Protein chains: 4
Amino acid sequence: MKKTEIKIIEEVSLDNPIFIEALPGIGHVGKLVADHLIDELEAVKFAEIYSPYFPPQVFIGEGGIIENMYNELYYLKSQGEDKRDFIILVGNTQGLSTEGQYSLCGDILDFVEPLGVKEIFTLGGVPTGQPVENSRVFGAATDSEKIKILEEVGVERASEHGIIGASGLFLGLGQLRGMSGICLMGETPGYFIDAESAEAILLKLSKLLKIEVSTDELEKRAEETKSMILKAQRMEQEVMSRQIPQQDGDDLRYIG
Amino acid sequence: MKKTEIKIIEEVSLDNPIFIEALPGIGHVGKLVADHLIDELEAVKFAEIYSPYFPPQVFIGEGGIIENMYNELYYLKSQGEDKRDFIILVGNTQGLSTEGQYSLCGDILDFVEPLGVKEIFTLGGVPTGQPVENSRVFGAATDSEKIKILEEVGVERASEHGIIGASGLFLGLGQLRGMSGICLMGETPGYFIDAESAEAILLKLSKLLKIEVSTDELEKRAEETKSMILKAQRMEQEVMSRQIPQQDGDDLRYIG
Amino acid sequence: MKKTEIKIIEEVSLDNPIFIEALPGIGHVGKLVADHLIDELEAVKFAEIYSPYFPPQVFIGEGGIIENMYNELYYLKSQGEDKRDFIILVGNTQGLSTEGQYSLCGDILDFVEPLGVKEIFTLGGVPTGQPVENSRVFGAATDSEKIKILEEVGVERASEHGIIGASGLFLGLGQLRGMSGICLMGETPGYFIDAESAEAILLKLSKLLKIEVSTDELEKRAEETKSMILKAQRMEQEVMSRQIPQQDGDDLRYIG
Amino acid sequence: MKKTEIKIIEEVSLDNPIFIEALPGIGHVGKLVADHLIDELEAVKFAEIYSPYFPPQVFIGEGGIIENMYNELYYLKSQGEDKRDFIILVGNTQGLSTEGQYSLCGDILDFVEPLGVKEIFTLGGVPTGQPVENSRVFGAATDSEKIKILEEVGVERASEHGIIGASGLFLGLGQLRGMSGICLMGETPGYFIDAESAEAILLKLSKLLKIEVSTDELEKRAEETKSMILKAQRMEQEVMSRQIPQQDGDDLRYIG
């Protein structure tokens, strides 16, 4: 496998869909929100994405069944007050290298742009490194109109930092294609999967998308996500540890 | 050398061969099992693989003769109870970078797929980090039928973790091509080459492949493998150490 | 995005322009000088550069508005005593990988060479790691004639070290195309944004380019730059930290 | 610059030339030997090599003049007892990345193979990490005939380790093209430039190539090489340090 492959499961025709990115980042709250949206609103998977830029590994699932690294695209039609269509990007990983992130993000935008995407939401987390009592939601956007919209629903303006990875890059590269967008970032202790943080994001996102989503199942889903993330962390750690082999006491070396 | 080169030594015609991957991983027990199989069953080498994704180095063998980094493909015809054909992938290294792993694995699958491969076995190790009394063998598979087969021969189901490197990737990328597969992983202390762990895998593998293989020479072969692995570790270590040059006390620097 | 994209804003026709590179390096004094030049002399932006070799991230600006990683080209016509044209390269980042640096630098030279560039200035810093009382300016050049010119304006000759990144590479790759050039490097404590160091460079640069530039606003601009750089550092740090995931106590692993 | 560029200075016609590789490795004794050979025997430069796989930097030489990263090819005609032709590969750097090493080495072999090269010598060092009293020279080769030749001139057989970088890769990739070769490795404390170690290699190499070379100037040349190497180390160190930015106390981060 030498380049990203997008396997189309269903040819879809959408009307001005909003693109929502929620790939796993450090916070993982975005992923939890998106997985919840997909289940609650019964989104339909229409494409699978495989890439040499993903980590070179597979997961072992509950029944001992292996699972590839993947990204997936789901769609929803005529949702909420405004009867809008949505595309949701989820998965069990992000690109690993710098250039891989750009390549993947570009390929996915190339794929969704002809489907009519002009607006992007990306969901991420703000690791606080310590327990969070009332998880706040911060926002950034491609333009000041979007910032106003964020303020109207009570999203705090993110301070002058940056957004690393897919949640930043989709907004940035989308903007270069004339797309506008918003990034919602929930405060979270970090690796700990925090249903409350996800709920906080979900409440703001529902208002922004003008949809209604029950949050009853969120706690349960958080538990499932937690298990997946522990696996992912464990493996990233191994990929790293393989690259720092242990000493073996013998130091005669030929180098030229 | 800019891309992986597969040098064909013999054009082979095989009947629905099972592909067995046993490249060196941290455990190295898989490699030991495969080298043993090749010797005992007198498998025939039919292709050599060289790649810019291998470490940029050569080994020095016993007589001072240098040895390239390589992967090799062997075949066996009409083996065991079911008279099955086999292809075995062995070598002295794996791909080094993430994208190199994907590229190599894809190229090798491209080469063996037209030979009729529909089924994959990958052999790996579970480093325990401490002495193992009775080396257990864990299994994962691409589907629940294979999991049942594993249970029938007493292979424990692997817990929810992951499989990094070639043993994971061949199953994952194979699955995307419609191939089914099994990964067998033997418990092993780690770098120490453990003939007992290899024997445990070999016993399960023989049952699964319905072949008979003597294990008498396994201990001796473990010693040989040990020497090869020590060299490999030593060099990986050097590749790393070259990238962290020592300070030399002078800190005037121009950077722009 | 798979390769560097240069978005032309204005088609320009220039007469033998001098190319000035001032991308952010560790010192950041070069960037401060160039941003000041652009504002004071009212340089006009004529091209934007985006690249998969930049860090995979966006910045969040003051109003919560996101900002892509970018390089930009400005031009100035008929400046100073010699009525020379200038092209100035600035941005909020440099290429991240070795090969990315070469690729970007080559693409930018491919773009400016047909505009008539035969002479290059690159601006950088010399991190001293400690407070600097009177910031000195060091120089290196592609040929001994340029070295003489540097001596005439009181630039000290840089000692036998090296120049890493864009400030070195533009001179080196430029030289291979027959361009001559000078690198000016200001002593600076390092990350601390030092308006004095920038002023020292600016004084030498003005003499060399035979232009007049007020330094009144430099202090204020230093403050702005400082805020941008803090963001950049913070994010580089995160990119790194993401690659060294924390341990989670469970060490059962499958590797093959 | 996106690929390795070989700039031909003189079209040469050679008769079965021996190719000698002596790029800077950790020991640097090989480079010292080759630079000495070039000066003493008045070898003629016929090609310059520039590559995006070199470190992204330039050196500053004695007079403040910048120097690109480069490799160079020299030739010698009708030397020594056997009236053999030689090609010598020297430079101020090697490829930086794994794949860059393979790509560069392949490109250089592509260039010298049509000139008739069938035999390769590579020169390297064995860092001992401690003072060496009588620097020994170890050898490895592509075949047992060459090993015999090494023994005849008193070169000790290298133990079962490996050869990392250009000195290993040229032999390995050369062998895949049907070239035979020898690697000579001199014991050296490491970074310290050791004229004695170089002299030990030179004595063996002269015997193997059946040439006569005075060693009078070797000590002086060692001093010059030392200065070049200190610069190189300093810069490698900086390339590394740039990738591990310092903390700045503020840990609010948005990641997605």
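Visitor: Cys183(B), is that one buried or exposed?
Guide: Cys183(B) is buried, with a relative accessible area of 0%. Buried means under 20% relative accessible area, exposed over 50% and partly exposed in between, with a 1.4 Å probe and protein chains only. This is a predicted model, where local features need pLDDT of at least 70 and side-chain atom pairs count only at pLDDT 80 or more, while totals for chains, interfaces and linings use all residues. Residues are numbered from 1 along each chain as its sequence is written, chains are lettered from A and ligands numbered from 1 in the order in which they are written, and side-chain values use heavy atoms, leaving out hydrogens and water.

Visitor: Thanks! How many disulfides does the structure hold?
Guide: Zero, over all chains. A disulfide here is a pair of cysteine sulfur atoms within 2.5 Å. Cys183(B) is in none, and the nearest cysteine sulfur, from Cys105(B), is 12 Å away.

Visitor: And what about Cys105(C), which cysteine sulfur is nearest to that one?
Guide: That of Cys183(C), at 12 Å, and Cys105(C) is in no disulfide. Cys105(C) is buried, with a relative accessible area of 3%.

Visitor: Switching to rings. How many aromatic pairs are there?
Guide: There are 12 over all chains. Rings of Phe, Tyr and Trp (its six-membered ring) pair if their centres lie within 6.5 Å; planes under 30 degrees apart count as stacked, over 60 as edge-to-face and the rest as tilted. One of the pairs is Phe19(B) with Phe170(B): the centres are 5.4 Å apart and the planes at 40 degrees, so this pair is tilted.

Visitor: Where do those two sit in chain B?
Guide: Phe19(B) lies in strand 2 (residues 18-21) and Phe170(B) in helix 4 (residues 166-176), so the pair ties together parts that are 151 residues apart in sequence. Helices (H or I, at least four residues) and strands (E, at least two) are DSSP runs, numbered from the N terminus. Phe19(B) is buried at 0% relative accessible area, and Phe170(B) is buried at 2%.

Visitor: How are the rings of Phe46(C) and Phe111(C) arranged?
Guide: They are stacked, 6.3 Å centre to centre with 20 degrees between the planes. Phe46(C) belongs to strand 3 (residues 44-50) of chain C and Phe111(C) to helix 2 (residues 98-112), so the pair ties together parts 65 residues apart in sequence. Phe46(C) is buried at 1% relative accessible area, and Phe111(C) counts as buried at 19%. Over in chain A, Phe46(A), Tyr75(A) and Phe111(A) form one aromatic cluster.

Visitor: Let's stay in chain A. Which strands pair with strand 6?
Guide: Strand 3 (residues 44-50) pairs with strand 6 in the antiparallel sense over five bridges, and strand 7 (residues 84-91) does so in the antiparallel sense over seven bridges. Two strands pair if DSSP finds at least two bridges between them. Lys45(A) stands opposite Tyr74(A) in strand 6, and Gln79(A) has Arg84(A) of strand 7 as its bridge partner.

Visitor: What links strands 6 and 7 of chain A?
Guide: They form a hairpin with four residues between them, and Gly80(A) in the turn has a positive phi of about 65 degrees. Strand 6 (residues 71-79) is mostly covered, with seven of its nine residues buried.

Visitor: Now strand 8 of chain C. How many of its residues are buried?
Guide: Nine of the nine residues (119-127) are buried, so strand 8 of chain C is largely enclosed by the rest of the structure. In a regular strand the side chains alternate between the two faces of the sheet. Here Glu119(C), Phe121(C), Leu123(C), Gly125(C) and Pro127(C) point one way, and Ile120(C), Thr122(C), Gly124(C) and Val126(C) the other.

Visitor: Which strands does that one pair with?
Guide: Strand 2 (residues 18-21) of chain C runs parallel to strand 8, joined by four bridges, with Ile20(C) partnered to Phe121(C). Strand 12 (residues 180-188) of chain C also pairs with strand 8 in the parallel sense, over nine bridges, and there Pro127(C) stands opposite Thr188(C).

Visitor: Last one: what span should helix 5 of chain B have?
Guide: At 1.5 Å a residue, its 15 residues (195-209) should span 21 Å, and the end C-alpha atoms are 20 Å apart, which agrees. The expected span is 1.5 Å times one less than the number of residues. Helix 5 of chain B is mostly covered, with 11 of its 15 residues buried, and Lys210(B), with a positive phi near 55 degrees, follows the helix.
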